[in-house]
Amino acid sequence: MLIKNTDWEGSYISPFFLIGKNENALSKSLAYCLANDRRLYFEFLKLLNLNIRNTKKHFNSVSIDVQKKDESGVTDIEIKKENDYYIIIESKVKKGKITKQREQYVTKLKKSRSNNKIMVFLTEEKDFKFT
């Protein structure tokens, strides 16, 4: 694959292309974007009905983890703002194990002291029933 030709100033390839197309790569790409674009981050929160003012102080107090492993499993993305919100994001390419993961991570969310506990599934297909 050609990354840079002799007469180009740089590469036309996105760094996201280089990390792959699987679930982990897509999760890391989303986490990277949320961690590096404050406006995108707060727009994402609005989609989750968290209408929080876009301030540098708030943004700097947030943690974003990828592939966090503990006794309940490995979450794709975890976003935390101490006592305010705790968000778990799971990505699935094709059909996955959403129902099983939902049950795993509901327990994890319940243990959190955050006021807002949110689980997000990013999928290509409807993969579970609402209960």
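Rings of Phe, Tyr and Trp (its six-membered ring) count as a pair if their centres lie within 6.5 Å. The views below show a predicted model.

**View 1. Tyr 41, Phe 42 and Phe 59 make up one aromatic cluster.** By the centre-distance rule, the count comes to three aromatic pairs. In one of them, Tyr 41 and Phe 42 are arranged edge-to-face, with 5.3 Å centre to centre and 90° between the planes. Tyr 41 and Phe 42 are both buried.

**View 2. Tyr 41 and Phe 59 pair across two helices.** The ring centres of Tyr 41 and Phe 59 are 5.5 Å apart and the planes stand at 70°; planes over 60 degrees apart count as edge-to-face, so this pair is edge-to-face. Tyr 41 belongs to helix α3 (residues 38-47) and Phe 59 to helix α4 (residues 56-60), so the pair ties together parts 18 residues apart in sequence. Phe 59 is buried, as is Tyr 41.

**View 3. Helix α2 covers residues 23-36.** For its 14 residues, a rise of 1.5 Å a residue gives an expected span of 20 Å, and the end C-alpha atoms of α2 are 20 Å apart, so the two values agree. The buried residues of this helix are Ala 25, Ser 27, Ser 29, Ala 31 and Leu 34.

**View 4. The whole chain, for context, has five helices and four strands.** Along the sequence these elements follow the pattern α-α-α-α-β-β-β-α-β. The chain has 131 residues, of which 34% count as buried. Among contacts with a separation of 6 or more, 50% join residues 24 or more positions apart. The exposed area of the chain is about 9,000 Å², with 51% supplied by carbon and sulfur atoms.

Key
Residues are numbered from 1 along each chain as its sequence is written. This is a predicted model: local features need pLDDT of at least 70, side-chain atom pairs count only at pLDDT 80 or more; totals for chains, interfaces and linings use all residues. Side-chain values use heavy atoms; hydrogens and water are left out. The expected span of a helix is 1.5 Å times one less than its number of residues. Buried means under 20% relative accessible area, exposed over 50%, partly exposed in between (1.4 Å probe, protein chains only). Rings of Phe, Tyr and Trp (its six-membered ring) pair if their centres lie within 6.5 Å; planes under 30 degrees apart count as stacked, over 60 as edge-to-face and the rest as tilted. Contact means heavy atoms within 4.5 Å. Accessible areas come from the Shrake-Rupley method with a 1.4 Å probe; for residues, only the protein chains shown count as cover.
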